[in-house]
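Here are a few notes to read with the model open beside you. Take the points one at a time and find each spot on screen before moving on.

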Amino acid sequence: MRIKDAVNMIRWKYREKIDDYVVIIIDRLTENGLKEISFSEIDAVDNNYLYLKSEENTVIPLHRVLMIKRKSDNALIWKR
C-alpha cells in the first residue's frame, strides 16, 4: 500500500477516531531526528506531499514519512 493510500484510508475510514493516529516523519530539527504529526493536523495528501492545516501552510514531502501508528495501542499501521 502506498503512503497516500494509507493516509487517505485512515482519514476517511476512521475519521471519528482520527486523533488516535499519528504520522512519524524524519525531522532534522528535532533531537532524535523524528517528529509525530497527528492526523487531525493533516489537511490533504497527494502523490508527493502531505499538507498540514498550520498557519505556515506546511508541506511535507512523502519521502520523509517513515510510519503511521495508532497511539492507543501503539499498533503499526504502515511502515516504509
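1. Start with Ala44, which sits opposite Tyr51 in β4. That pair belongs to a match between β3 (residues 42-45) and β4 (residues 49-52), which pair in the antiparallel sense over three bridges. How many residues does the hairpin from β3 to β4 run through? Three residues make the link. Keep in mind that this is a predicted model.

2. Now look for the open sheet. Four strands build it, in the order β2-β1-β6-β7, and the pairing is antiparallel. β2 and β7 (75-79) stand at the edges with a single partner strand each, so one side of each has no neighbour in the sheet. Going from one strand to the next, the twist averages 25°.

3. Zoom in on one pair from that sheet. Strand β6 (residues 65-70) and β7 run antiparallel and are joined by four bridges. Which residue of β7 does Met67 stand opposite? Find Lys79 and you have the partner.

4. On to helix α1, which covers residues 3-13. Its buried residues are Ile3, Ala6, Val7, Ile10 and Arg11. Why do these end up on the same side of α1? They cover an arc of only 130° around the axis, and that puts them on one side. The general rule helps here: an α-helix has 3.6 residues a turn, so residues three or four places apart point the same way.

5. Turn α1 around to see the face directed away from its buried side. There you should find Trp12 and Lys13, both exposed. "Exposed" here means over 50% relative accessible area, while "buried" means under 20%.

6. Last, the pockets. The largest pocket has a volume of about 230 Å³. It is lined by 13 residues, and the closest to its centre are Ile25, Lys35, Thr58, Val59 and Ile60. Try clicking on those five to locate the spot.

7. Where does the lining of this largest pocket come from? β1 (21-26), β2 (34-38) and β5 (59-61) each supply at least two residues. The largest share comes from β5, with three residues. As for chemistry, the lining residues of the largest pocket split into seven nonpolar, two polar and four charged.

Technical notes
Residues numbered from 1 in each chain as written. Predicted model: local features only at pLDDT ≥ 70, side-chain atom pairs only at ≥ 80, totals over all residues. Heavy atoms only, no water. 1 Å grid on protein atoms, 1.4 Å probe; cavity = no way out; pocket = protein on both sides within 12 Å on 5 of 7 lines; lining within 4 Å. Points joined across faces, edges and corners; volume = space filled by probe spheres on them. Nonpolar A, V, L, I, M, F, W, Y, C, P; charged D, E, K, R; others polar. Pairing = 2+ DSSP bridges. Axes fitted to C-alpha atoms, helices over the stretch in contact; angles between N-to-C directions. Buried < 20%, exposed > 50% of the residue type's maximum accessible area, 1.4 Å probe, protein only. Arc of directions from axis to C-beta.
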